[in-house]
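Dear colleague,

I am passing the structure below on to you, and my notes on it follow directly after. Please read them with the coordinates open.

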Amino acid sequence: MTKHSWVYNVLTAEPVLRKLLQKMGVEIRWRCRAVDVEKEGNRITRVAVRVDRRKKEWVEGDAFIDTTGSAGGMKACTRYVGGCAMCPWMQCPTFGDRVNITGKAGATTVNMHQKDGTPGIKYNGLYLYKESLSQEWKDKLAESHQIFVPFRGIVDWDIDPEWSWGTRGQDGNDGMGHPADPETSWRVAPDVGRFRLLDRGIFAGGAGPSPLKLEQLRQVPGFENVVVAGPVGGMNLWSLGHDLVFCENNLRVPPLGNLFTAGSKAHMVDIQPGINSGYLAGFNAVRVAVGKEPVEFPLTTVSGDIIAFTQKFLRDSAKTEYGGPTTFVSAHAGHYLRHLKDAGFFPDNPDKCKQRIADAGMTDFFEQRVV
Ligand SMILES: Cc1cc2nc3c(=O)[nH]c(=O)nc-3n(C[C@H](O)[C@H](O)[C@H](O)COP(=O)(O)OP(=O)(O)OC[C@H]3O[C@@H](n4cnc5c(N)ncnc54)[C@H](O)[C@@H]3O)c2cc1C
């Protein structure tokens, strides 16, 4: 599809994963939100979940994993980026604002910051209902799973200099929207003059421009009847990068002995590092629960590399004037993709990857039983 990204439908993945967990006998507590934590010394003993407005229940455990991500919550999005994007993902109006469970447990967390110091950066994305595109664009999308729709000279764009700061920084460019390295840049800045829409099942879209009025959007040929799926309000942005957590390379969160993290809560942005670090966090949580030491991914694997890279990046950026990172660590864009190239991981292919995993002694690693 491109040199460094794959397209798959995350919407169909969710029901499959849900069924898989049920088949494995995992008890899933739906519609409840972790709100509080209790500990003895450096061990968390139980977490409180709110099951409705009045009722709180405690869940005891031997080990815990905080994968609550870093997205704003309505309070942050309203205060820091101008409103709730009403994204179909977080569902804050139903479940409530974000709670920094890891911070409550006594670990150190940091925020990303906008240029003016506002906590959480503005993140841009645009998702259109696929069916609302013209037949021509629908056909092209079905054929190639990715379309580039030009808008230069068709719509005017009022650029908020802050709106894409985080993603521009990720491109490693000069803040003017010009990619420093076309190989590691794919973001759609206003300056690029085109939308890049990926096939997302019922949506067409992705990270990219969003602060564009519906009236303007519909001037683009093929977008005459377009309906925006996200941000639902049309003009708002996501506030991301809240309460990021420092952890060891095995994903344990000091000073806690039995708390782990994974995914974007640990600033590894995007789906794939979320999956890979989620495996390790789960594996290590069980190990610690039965009195074993947690393990690390070898640094010769990309999964080991991204954890170590991200944590160093977090530590270094916490010392800057912003007190935290101003851009992401993403495996498919910007400075981390450049690092993957420099370290020789990228370009990659399945054979090279399998060999790397075999050399690191990690083939079928997660097949082993901990208990
Ligand atoms: C607009 C946009 C476009 C993106 N595009 C791409 C892309 O094209 N490709 C890609 O790979 N990645 C993309 N990403 C990034 C990717 O979506 C994230 O990095 C990834 O979803 C992070 O996964 P996570 O599980 O760590 O966190 P999240 O997906 O944020 O999940 C955290 C979950 O925890 C829940 N939660 C939060 N607090 C609590 C609590 N107190 N109690 C219980 N539950 C709680 C939340 O409701 C949420 O379901 C995009 C992100 C955005 C915002």
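Does G263 count as buried or exposed? With 24 C-beta neighbours inside 10 Å, G263 counts as buried. Please keep in mind throughout that this is a predicted model.

G263 and the ligand

G263 is found in the loop between β14 and β15, and, once its neighbours within four places in sequence are left aside, G263 is in contact with T67, G69, M268, G274, S277 and G278. For one of these partners, G278, the C-alpha to C-alpha distance to G263 is 6.7 Å, with the two positions 15 residues apart in sequence numbering. G263 also belongs to the surroundings of the ligand, where 21 residues are found and where T68, G69, G125, G263 and D270 come nearest. By class, this shell is made up of nine nonpolar, eight polar and four charged residues, and β1 (33-40), β10 (203-207) and α8 each supply at least two of its residues. Because domain 1 (31-68 + 90-120 + 241-367) and domain 2 (125-236) both give residues to the shell, the ligand lies between them.

Helix α8, with α1 for contrast

Helix α8 covers residues 271-289, and at 1.5 Å a residue its 19 residues should span 27 Å, which agrees with the 27 Å that separates its end C-alpha atoms. The buried residues of α8 are P273, N276, S277, L280, A281, N284, A285 and V288. Seen down the axis of α8, these buried residues fall within an arc of 170 degrees, so they line one face of the helix. As a reminder, an α-helix has 3.6 residues a turn, so residues three or four places apart point the same way. The buried residues of α8 pack against β4 (64-66), β14 (259-261), β15 (268-269) and α9 (302-318). Just after α8, G291 takes a positive phi of about 85 degrees.

Helix α1, residues 10-23, also agrees with its expected length, since its 14 residues should span 20 Å at 1.5 Å a residue and its end C-alpha atoms are 20 Å apart. As for burial, the number of buried residues among the 14 of α1 is zero, so α1 lies largely in the open. G25, just after α1, takes a positive phi of about 85 degrees.

L299 and helix α10

In the loop between α8 and α9 you will find L299, which is partly exposed, with 15 other C-beta atoms within 10 Å. Apart from its neighbours within four places in sequence, L299 is in contact with G304, D305 and A308. Between L299 and A360 the C-alpha to C-alpha distance is 8.8 Å, although the two are 61 residues apart in sequence.

In helix α10 (residues 334-342), the buried residues are G334, H335, Y336, L337 and L340, and just after α10 there is a positive phi of about 90 degrees at G344.

Backbone details to look at

Two cis peptide bonds deserve a look. One joins G230 and P231, with omega about -5 degrees, and P231 has its place in the loop between β11 (228-230) and β12 (238-240). The other joins P254 and P255, with omega about 5 degrees, and P255 lies in the loop between β13 (244-245) and β14.

Positive phi values also occur in residues that are not glycine. Phi of Q91 is near 55 degrees, and Q91 is placed in the loop between α2 (74-80) and α3 (92-95), where it counts as exposed, with 10 C-beta neighbours inside 10 Å. D364 likewise has a positive phi of about 55 degrees although it is not a glycine; D364 sits in the segment after α11 (350-359) and is exposed, with 8 other C-beta atoms within 10 Å.

The protein as a whole

Taken overall, the secondary structure of the protein comes to eleven helices and 16 strands, and 39% of its 371 residues count as buried. Among contacts between residues at least 6 apart in sequence, 68% join residues at least 24 apart.

With best wishes

Note on methods. Residues are numbered from 1 along each chain as its sequence is written. This is a predicted model: local features need pLDDT of at least 70, side-chain atom pairs count only at pLDDT 80 or more; totals for chains, interfaces and linings use all residues. Helices (H or I, at least four residues) and strands (E, at least two) are DSSP runs, numbered from the N terminus. The expected span of a helix is 1.5 Å times one less than its number of residues. A residue is buried if 20 or more other C-beta atoms lie within 10 Å of its own, exposed if 12 or fewer, and partly exposed in between; C-beta atoms are placed from the backbone. The arc is that of the directions from the helix axis to the C-beta atoms. Two residues are in contact if their C-beta atoms, placed from the backbone, lie within 7 Å. A residue is near a molecule or strand if its C-beta atom, placed from the backbone, lies within 6 Å of it. Ala, Val, Leu, Ile, Met, Phe, Trp, Tyr, Cys and Pro count as nonpolar, Asp, Glu, Lys and Arg as charged, and the others, Gly among them, as polar. Domain bounds come from an automatic or database domain assignment.
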